[in-house]
Amino acid sequence: MNVIEVVAQEAGEPGAALPHLAEILVGLVAFSVLVFIVGKYLWPNLVRSHDQDVTRLRDGMDRASSEYDDAQAQLERSRARLAEVDNEAARIRDDARADAERIKSDLADNASEEAERIKAQGRQSVDASRSRTVSELRSEVGAGSVELARQIVAASLSDDTAKARSVDSFLDNLESMAGRSNGSVPNSPNGVGS
């Protein structure tokens, strides 16, 4: 049993639970006015707002899709540039290694050339020093010979026996000096060294 039947039995009338006809008419009129106001003023605004929201959402999704595509394209360009940068870096490293090897080779060549130049200068210096020493020795030997000759002449003028001794001594000294500078002096046929 439902509520309307219970209320009608308690009131003793079969239609007591139903509203009056005037209430139904007022309710229908109020509902109609409400439907009219909502349909005339609110519903178009709601539909327009909804359409604007849908359009805005579609535009946003289209923009987001476009931006996503742009981002993907930018990502691909960035990856390509990164690959180019990696290739360029590898090329630069290879060039640097080649330059380092070339510089190392050039430095080694320059060092060898400099060492040879220093050796040649050393040889020239030694040869010049040897020539100077030989010249100095020759001039000393010449000076010594002149001094011995002066002594012989001085001694020969003073005494005949001293003259003979002086000449022998002079010849011995010449032989010993000549023997030191260029080996032994060959004897002349008369037994006197030249």
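The chain exposes about 15,900 Å² of accessible area, and carbon and sulfur atoms supply 59% of this surface. Of its 194 residues, 6% count as buried. The structure described here is a predicted model, and the confidence of the prediction is therefore reported alongside the architecture.

The secondary structure comes to three helices and zero strands. Read along the sequence, these elements follow the pattern α-α-α. Among the helices are α1, which covers residues 3–11, and α2, which covers residues 21–158. With regard to contacts in the chain with a separation of 6 or more, residues 24 or more positions apart account for 17%.

The mean pLDDT of the chain is 82, and 79% of its residues reach 70 or more. Confidence differs between the helices: the lowest mean, 65, is found in helix α1, whereas the highest, 89, is found in α2. Over residues 184–194, pLDDT stays under 50. For this stretch, the model has 13 contacts beyond four places in sequence.

An annotated segment was examined next. In an unreviewed entry, UniProt lists residues 24–43 as a "transmembrane region". In the model, this span is 100% helix and 0% strand. The C-alpha atoms at the two ends of residues 24–43 lie 25 Å apart.

A nonpolar patch of about 900 Å² is present on the surface. The residues that make this patch are V29, V33, F36, I37, Y41, L42, W43, L46 and V47. One of them, W43, lies in helix α2. With a relative accessible area of 52%, W43 is classed as exposed, because the cut-off for this class is over 50%.

Charged side chains were then considered. Side chains of opposite charge can pair when their charged atoms come close. In this model, the count comes to 10 salt bridges. Three of these pairs are described below, beginning with D95 and R91.

The side chains of D95 and R91 meet in a salt bridge with an N to O distance of 2.7 Å. Both residues lie in helix α2, where they are four residues apart, about one turn of the helix. D95 has a relative accessibility of 35% and so counts as partly exposed. R91 is likewise partly exposed, with a relative accessible area of 40%.

A salt bridge also links the side chains of D106 and R102, with an N to O distance of 3.6 Å. Because D106 and R102 are four residues apart in helix α2, about one helical turn separates them. The relative accessibility of D106 is 34%, which places this residue in the partly exposed class. R102, at 46% relative accessibility, also counts as partly exposed.

In the pair formed by E114 and R117, the side chains meet in a salt bridge at 2.1 Å, N to O. Here the spacing is three residues, about one turn of the helix, and both partners lie in helix α2. E114 is partly exposed, with a relative accessible area of 35%, and R117 counts as partly exposed at 39% relative accessibility. Beyond individual pairs, salt bridges that share partners join E88, R91 and D95 into one network. The D95 and R91 pair described above thus has both of its residues in this network.

Conventions
Residues are numbered from 1 along each chain as its sequence is written. This is a predicted model: local features need pLDDT of at least 70, side-chain atom pairs count only at pLDDT 80 or more; totals for chains, interfaces and linings use all residues. Side-chain values use heavy atoms; hydrogens and water are left out. UniProt positions are given in the numbering used here, feature names are shortened, and annotations may be inferred rather than shown by experiment. Patches are made of residues with over 30% relative accessible area and no salt bridge: like charges are joined within 9 Å, nonpolar side chains (Val, Leu, Ile, Met, Phe, Trp, Tyr) within 5 Å. Accessible areas come from the Shrake-Rupley method with a 1.4 Å probe; for residues, only the protein chains shown count as cover. A salt bridge is a side-chain nitrogen of Lys or Arg within 4 Å of a carboxyl oxygen of Asp or Glu. Buried means under 20% relative accessible area, exposed over 50%, partly exposed in between (1.4 Å probe, protein chains only). pLDDT is the predictor's confidence in each residue, from 0 to 100. Contact means heavy atoms within 4.5 Å.
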